[in-house]
Amino acid sequence: MSEKERVKRAPQPSFERFIKTPKGTVMAMLIGLTMIAALRPQDHFGLVNALVAALTGVVVDGAVALLLKRGKLFSDGGIITGLIVADVLSQKTPLLWIVAITAIALLSKHILKLGRKPLFNPAAFGLLIATFIVQSGQSWWGSLALMPTWLTFVVIIAGVFLTVRVNKFPQVAAYLGTYFGLLFLMAIFHLGLPTDTPADALRVPFVNTALFLAFFMVTDPPTSPAAYGQQVVFGFVTAVVSTIIFATVGGLAYPLIGLLVANGWKALWSLRSSRQKDSDRTKGRTYSPQASNS
């Protein structure tokens, strides 16, 4: 065996193995975007929010794991959810709200479940609850929405890399294609609200919001389908519902509502498929004795 092959087959350090996993990749991307966004002087405090949210994620998920007597107490998923929550909320959000919203997001993952998988994207659920209950501000600063426009390409490059890594390209393409296509048609026919026009949604910073949602939230593996055909439907549902809410109500919650509705559609589809399989197995067991008697 050559030296090159020995090096290739040698066990990799645990951090190197982790960073190549889907969770490791998305965490590295989120940390990178958060640090770039925090270069803006007004957003320095966002780093503190991100750190507090990530620690809250570790503590909440760790407490749940301890309560349920699970072997793994450290949660990388808790850090990812915390980072997304901190990157979406305004940098001026009080730390107590950062902790509370992150905790709500993570508890939803453990309470609202179908089988072993969460029903809703935890970060989207927590952020939507926060929108209606505490009326927290959302700036989506982690999407580099407040930075120079050319940095949007950094979000696109990082997002495309992650999308390919988690094998969600049909889902993201369906969402972005439908969303921007519908907004373009609305702009041509002068549809929508006078306060939230399609032209506004087709510009920075709203474009960054759609990109961040598509790359880092729509692609969440536990709450989105794996089959390509279902991915296309999932992305289409997310985009259509988001656009309808934007066109009729406006505000900032429309992308979160669109994603959560698509999460609900995915859960219903999974439940229907599971019951169909159970029914087929029951019919198979009923049919077997008859077949043996014939």
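**Entry 1: Threonine 34**

Is threonine 34 buried or exposed? I looked up its relative accessibility and found 3%. Buried means under 20% relative accessible area, so threonine 34 counts as buried. I kept in mind that this is a predicted model.

Next I checked where threonine 34 sits, and found it in helix 3, which covers residues 22-37. Then I asked which residues it touches, leaving out those up to four places away in sequence. My list reads Leu47, Ala50, Asp87 and Trp141.

**Entry 2: Alanine 86**

I turned to alanine 86, which is placed in helix 5. Its relative accessible area is 1%, so I noted alanine 86 as buried. With neighbours within four places in sequence set aside, alanine 86 is in contact with Asn49, Ala50, Ala53 and Trp141. Ala50 and Trp141 are familiar names: I had already written them down for threonine 34.

I also looked up a distance here. Alanine 86 and leucine 47 are 39 residues apart in sequence, and their C-alpha atoms are 8.6 Å apart in space. Leucine 47 is among the residues that threonine 34 touches.

**Entry 3: Threonine 81**

Helix 5 runs over residues 76-88, and threonine 81 is found in it. Threonine 81 counts as buried because its relative accessibility is 8%, and the cut-off for buried is under 20%. For its contacts, I again skipped residues up to four places away in sequence. That left Ala105, Leu106, Pro122 and Ala123.

**Entry 4: Leucine 151**

After the helices I wanted a loop residue. Leucine 151 is placed in the loop between helix 7 (122-133) and helix 8 (152-165). Buried or exposed, this leucine 151? With a relative accessible area of 9%, leucine 151 is buried.

Setting aside neighbours within four places in sequence, I found leucine 151 in contact with Ile36 and Leu144. I checked one more pair: leucine 151 and asparagine 208 are 57 residues apart along the chain, with 9.9 Å between their C-alpha atoms.

**Entry 5: What the UniProt record says**

I opened the UniProt entry, which is unreviewed, and looked for "transmembrane region". The record lists residues 45-68, 95-112, 119-138, 144-164, 176-195, 201-219 and 226-246 under that name.

I then looked at two of these spans in the model. Residues 45-68 are 92% helix and 0% strand, with the end C-alpha atoms 35 Å apart. Residues 176-195 are 65% helix and 0% strand, and here the end C-alpha atoms lie 23 Å apart.

**Entry 6: The whole chain**

Last, I stepped back to the full chain. I noted 13 helices and two strands. The C-alpha trace spans about 75 × 60 × 45 Å along its principal axes.

What radius of gyration does the chain have? I found 21 Å, which agrees with the value near 19 Å for a compact globule with 294 residues. Of the 294 residues, 45% are buried. Among contacts with a separation of 6 or more, 77% come from residues 24 or more positions apart.

For the surface, I wrote down an exposed area of about 15400 Å², of which carbon and sulfur atoms supply 70%. I finished with the charges: the chain has 26 positive and 12 negative ones, and their mean positions are 8 Å apart.

Technical notes: Residues are numbered from 1 along each chain as its sequence is written. This is a predicted model: local features need pLDDT of at least 70, side-chain atom pairs count only at pLDDT 80 or more; totals for chains, interfaces and linings use all residues. Side-chain values use heavy atoms; hydrogens and water are left out. Helices (H or I, at least four residues) and strands (E, at least two) are DSSP runs, numbered from the N terminus. Buried means under 20% relative accessible area, exposed over 50%, partly exposed in between (1.4 Å probe, protein chains only). Contact means heavy atoms within 4.5 Å. UniProt positions are given in the numbering used here, feature names are shortened, and annotations may be inferred rather than shown by experiment. The radius of gyration is taken over C-alpha atoms; the globule rule is 2.2 Å times the number of residues to the power 0.38. Accessible areas come from the Shrake-Rupley method with a 1.4 Å probe; for residues, only the protein chains shown count as cover. Lys and Arg count as positive and Asp and Glu as negative; His and the chain ends are not counted. The place of a charge is taken as NZ of Lys, CZ of Arg, CG of Asp or CD of Glu.
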